[in-house]
Each structure stands twice: as C-alpha cells, then as structure tokens.
Amino acid sequence: MRRMIRITGLSLLALPVLLLVLVTGGLLWANGESGRATIARLAADAVPGLRIEGLAGPLPARLAVARLSMSDDAGAWVVLEDAAVTLDLMALLGREVRVTALTARRIALHRVPPAEGAPPPPPDPDAPLIPALPDLPVTLRLDRLAVERIELGAAVAGMDVALAVQGEAALAAGALSARIDLRRLDAPAEARIALDLAPGADRLSARIEATEPPGGLLATALEVRRAH
C-alpha cells in the first residue's frame, strides 16, 4: 500500500515536470528554423491569401515578420514589412495582457477588399451614442505603437497618403484611453489625438489637435466628423 502511495505521489510530481519538458521542447521547436517555417506555412494554409516571410521570435514573448501580405484575385491589398509584437509575459500573472511594443517599418494598405456575404444591417437609431466596450477579465495595455510609414492608397483615403504613427492605449475596468500622434510624410501636416472613453460612466472625451494646409486630408476628415 505504501509502495502504491509512493509511486502515485512520484507520478503526480512528475506530471508538471513532464509538462514543462513538453512546453520547453515545443518552444525550442517553434523557435527553430524548421519550426518557424512550419508555423508560417500552417498559418497561410488556414487563412486564404496570407503569406508570411521571415517569421522570427523568440516566441511567445516576441513575434516578428520580415514581410506579411494579404492577397485576393486582384493581388496584394495590404503589406506589412519588418513588423513585430513584443509581450510582457510576466504581466499575465497580474491579469494584464501587456504589449510592450507594436512596431512596423512599413504598412501599405492599397485598397479594401470587397466584403463577402450579406451586407451588415443598418445602425440601430436607438443605440447609445457611446459604444459599449467589451467586459474583459483582464486589462489590455499597449505601451508603444510605432509605425515608421503607413501608405494609404487612393482607393482608401481618396488620395495617396503616407503617414508616420506613434501612440499608446489601455483598456481597463471598462474604460478606454488612447494617445495617437500622426504625421504626414508627403505633406506638412500632423495631428495629435487624445481619447478617453468610459461607457459605464457615460463619458467620452476626445481632443484633436491638427495642423496642415487648408483642404488637406486631416481637415477634411474633421469636417466630415462635424457634419455627422
């Protein structure tokens, strides 16, 4: 009887060790050249039009790609180059999903692909003015957003536009806060946006500071916003 108890106890103690070995082995495989190539291939097989080149880690704390593109029959409609997401895994212990950095050297959105299926229903006229935010059991935090160059095609923005973007954001206790700095690379224009949204407290605060020549893209967007 004692021998059975001893064996059972040793087996239970071995389970977390075995799990750790399996996880460690899986991470070693995923961070190897063949493992990363397999992950990129499986992702492309699961998502039509997706192509990933130069997947890098170390996973899961950092996910980087040299190039990622989405295509349809008309060709590539969005391209990301030298993009990376870095996570603070220790923050999960405090029930926080913390992205320490979300960066890219270049994002090109040439056009928006045609929608598939039935069109979305019209907005409910009785819906609250302040949109509801998801009630999550964790806090979401983005410490640093930095994109050196965002290219928007004329099919997206009405004209070809090149922007640089920096910012940060957090979603905690049903409230969203965000700070975004936009700077046009092809024209003398920039904008700073500060947003605080708390639907539970029926509070929405948005401040936009923009400087650009009259009739520019940012000014036009603000005028459309006021008209609605």
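This section describes salt bridges, a surface patch and one strand residue in a predicted model.

A search of the whole structure finds 14 salt bridges. One of them joins the side chains of Arg106 and Glu81, with a separation of 3.0 Å from N to O. This pair links distant parts of the chain, as Arg106 belongs to strand E4 (residues 96-109) and Glu81 to strand E3 (residues 75-87), with their positions 25 residues apart in the numbering. Arg106 and Glu81 are both buried.

Arg106 also forms a salt bridge with Glu151, where the closest N and O atoms are 3.1 Å apart. Here too distant parts of the chain are linked: Arg106 lies in strand E4 and Glu151 in strand E5, and the two are 45 residues apart. The two partners fall on either side of the cut-off for burial, which is set at under 20% relative accessible area. Arg106 has a relative accessible area of 19% and is therefore buried, whereas Glu151, at 21%, is partly exposed. Both of these bridges belong to a network of salt bridges that links Glu81, Asp82, Arg105, Arg106, Arg149 and Glu151.

A further salt bridge is formed by the side chains of Asp186 and Arg184, at 3.0 Å from N to O. In this pair, Arg184 counts as buried because its relative accessibility is 11%. Asp186, with a relative accessible area of 40%, is partly exposed.

Strand E5, which contains Glu151, spans residues 139-152 and also includes Thr139. Thr139 has a relative accessible area of 19%, so this residue is classed as buried. When residues up to four places away in sequence are left out, Thr139 touches Arg95, Glu96, Val97, Leu171 and Ala172. Among these contacts, Glu96 falls at the start of the range given for strand E4, residues 96-109.

On the surface, Leu87, Leu89 and Leu92 form a nonpolar patch. Together these three leucines have about 230 Å² of accessible area. Leu89 is placed in the loop between E3 and E4, the strands that hold Glu81 and Arg106 respectively. The relative accessibility of Leu89 is 35%, and the residue therefore counts as partly exposed. Leu87 is the residue at which the range of strand E3, residues 75-87, ends.

Methods: Residues are numbered from 1 along each chain as its sequence is written. This is a predicted model: local features need pLDDT of at least 70, side-chain atom pairs count only at pLDDT 80 or more; totals for chains, interfaces and linings use all residues. Side-chain values use heavy atoms; hydrogens and water are left out. Helices (H or I, at least four residues) and strands (E, at least two) are DSSP runs, numbered from the N terminus. Buried means under 20% relative accessible area, exposed over 50%, partly exposed in between (1.4 Å probe, protein chains only). Contact means heavy atoms within 4.5 Å. A salt bridge is a side-chain nitrogen of Lys or Arg within 4 Å of a carboxyl oxygen of Asp or Glu. Patches are made of residues with over 30% relative accessible area and no salt bridge: like charges are joined within 9 Å, nonpolar side chains (Val, Leu, Ile, Met, Phe, Trp, Tyr) within 5 Å. Accessible areas come from the Shrake-Rupley method with a 1.4 Å probe; for residues, only the protein chains shown count as cover.
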